[in-house]
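Welcome to a short tour of a protein model and the ligand it holds. Please have the sequence and the 3D view ready as you read.

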Amino acid sequence: MDLELQGKVAIVGGGSKGLGRACAEVLAQEGVKVTICSRTKADLDQAAAEIQDSTGSEVMVFAGDLDKEDTIKKLVASTVARFGRLDIMVNNNGGPPLARAATATEDQWSVAVQRSLLFFARMSREAVPHLKKQGGGRIINILASTVYQPIPNLALSGATRMGVVAFAKSLADEVGRDNIMVNNVCPGSILTDRMLSNVTSRAKELGISVDEALAQRAKETAVGRIGDPKELAYLVGFLASGKASYITGTTILVDGGLVRSVL
Ligand SMILES: NC(=O)c1ccc[n+]([C@@H]2O[C@H](COP(=O)([O-])OP(=O)(O)OC[C@H]3O[C@@H](n4cnc5c(N)ncnc54)[C@H](OP(=O)(O)O)[C@@H]3O)[C@@H](O)[C@H]2O)c1
C-alpha cells in the first residue's frame, strides 16, 4: 500500500525520545521531511542524526518548551520557512505532573492545563492555515488511555485530555471540508522513559521492585506485555497518510487491550 507520504512535511512534538521519536522515524521512513521539537538540544541533534542516517529523509530540529505559545508559533513558522509547506502535525508533548485528584496543587494543575490541553489547541491553531493552503492535512493528537479509564497518580492526565477529545471533535467538524483530518491516539503502557519513571514512582508507593511493577502493568493487558513505541507510530503513520482520508474526529487506543470498557 502506498501511503502517499513521499515529500510531505511533518512536525512531531517531543520528537527526541519515546513515542514522538518513533513517530518521527516512521514518517521519515515513508519519505516525510520532519521537524522534531523538544527542550534538550543535544538529544534532538542525536535523534535527528540517527533518523537521517537510517531513513535518508531531512530532519530539522527545533529546541524549545512546548508548554509556551511562543515556542509553538516559532516552531511552525520556521518549519514552513525551511521546507516550504506543512502537511502533518503529530501533537505530542511531555506528560502532565503526577498527581491525585483530591490533592493536585494549583501549580500542578497549571502545568497540566498548558501541556496537556492548551498545547493541542495552540499547535492546531498555528498549523491549520498552512494545512488549508496545501489543500488538506492531518492532525494527530497523542493522548493517553486515561481518557477511558483512570490510572492512580495520573488524575490530571484524564482531566485535561478529555478536553482534547472534545476539542478535536469540534476541530474535525470545522476543517473536514478543507480535507484536514483530526484524530486522537491513546497509548496504554508503552516502554519509554516517561513510562519507566511513572512505573518507578508507583513501585515506590507499593513497596515493590520496578521489575515487579512492570510485570503488573504487562499482566493488566490482553496481550500480556508492554508495548513498543513503534507499535503506536505505525498507526500514526497510517493516520497521517493519504489513505486515511475518511477517518476524522475519532479516538483510537493503542494499549494491547489494557482498557476494559467495551466502547
Ligand atoms: N509511554 C506510554 O506508555 C504513555 C502512556 C500514556 C500516555 N503517554 C503520553 O505520551 C506522551 C509522550 O510520552 P513518552 O512516553 O514518549 O515520553 P518520553 O519518553 O519521556 O518522551 C517525551 C518527549 O517529550 C519531550 N518533552 C517533554 N516535555 C516537553 C516540553 N515541555 N516541551 C517540549 N518537549 C518536551 C522530551 O524531551 P525533553 O525532556 O528534552 O524536552 C521527549 O522528547 C506524553 O504526553 C505521555 O504522557 C505515554
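The report below goes through the domains, the ligand shell, the nonpolar cores, the strands and one loop residue.

## Two domains

Let's begin with the overall layout, bearing in mind that this is a predicted model. The protein chain splits into domain 1 (9-188 + 228-248) and domain 2 (191-226). Between the C-alpha centres of domain 1 and domain 2 there are 25 Å. Where the two touch, domain 1 provides 10 residues and domain 2 provides 8 residues. On the domain 1 side of this contact you will find 4 nonpolar, 4 polar and 2 charged residues.

## Around the ligand

Now turn to the ligand, which has 28 residues around it. The closest are Gly14, Gly18, Gly94, Gly95 and Arg194. Helix H1 (18-29), strand S2 (33-38) and helix H6 (193-206) are the elements that give two or more residues to this shell.

Which classes of residue make up the shell around the ligand? There are 12 polar residues, together with 8 nonpolar and 8 charged ones. Both domains take part: at least three residues of the shell come from domain 1 (9-188 + 228-248), and at least three from domain 2 (191-226).

## The nonpolar cores

The largest nonpolar core contains 65 residues. Within this core, Ala10, Cys23, Leu27, Val90 and Val236 have the most contacts. Helix H1 gives the most to the core, with 7 residues. Here, too, each of domain 1 (9-188 + 228-248) and domain 2 (191-226) supplies at least three residues.

Val236 is a good residue to select in your viewer. Setting aside neighbours within four places in sequence, Val236 is in contact with Cys23, Val26, Val90, Ile140 and Val185. Another core lies apart from the largest one; this other core has 6 residues, including Ala99, Ala112, Leu156 and Ala159.

## Strands S1, S4 and S5

Strand S4 (residues 88-91) pairs on two sides. Strand S1 (residues 9-13) runs parallel to S4 and is joined to S4 by 3 bridges, while strand S5 (residues 137-142) also runs parallel to S4, with 4 bridges between them. Ile88 of S4 helps to follow the pairing: Ala10 is its bridge partner, and Arg138 in S5 stands opposite Ile88.

Both faces of S4 are covered, with Ile88 and Val90 buried on one side and Met89 and Asn91 buried on the other. How many of the residues of S5 are buried? The count is 6 of the 6, so S5 is largely enclosed by the rest of the structure. From S5, Gly137, Ile139 and Asn141 point one way, whereas Arg138, Ile140 and Ile142 point the other way, and all are buried.

## A loop residue, Asp228

Our last stop is Asp228, in the loop between helix H7 (210-219) and helix H8 (229-240). Is Asp228 buried or partly exposed? Asp228 counts as partly exposed because 13 other C-beta atoms lie within 10 Å, while a buried residue would need 20 or more.

Leaving out neighbours within four places in sequence, Asp228 is in contact with Ile190 and Leu191. By contrast, Gln134 lies 94 residues from Asp228 along the chain, and the C-alpha atoms of the two are separated by 33 Å.

Methods
Residues numbered from 1 in each chain as written. Predicted model: local features only at pLDDT ≥ 70, side-chain atom pairs only at ≥ 80, totals over all residues. Near = placed C-beta within 6 Å. Nonpolar A, V, L, I, M, F, W, Y, C, P; charged D, E, K, R; others polar. Domains from an automatic or database assignment. Core = buried A, V, L, I, M, F, W, Y, C linked by C-beta atoms within 7 Å. Buried ≥ 20, exposed ≤ 12 C-beta atoms within 10 Å, placed from the backbone. Contact = placed C-beta atoms within 7 Å. Pairing = 2+ DSSP bridges.
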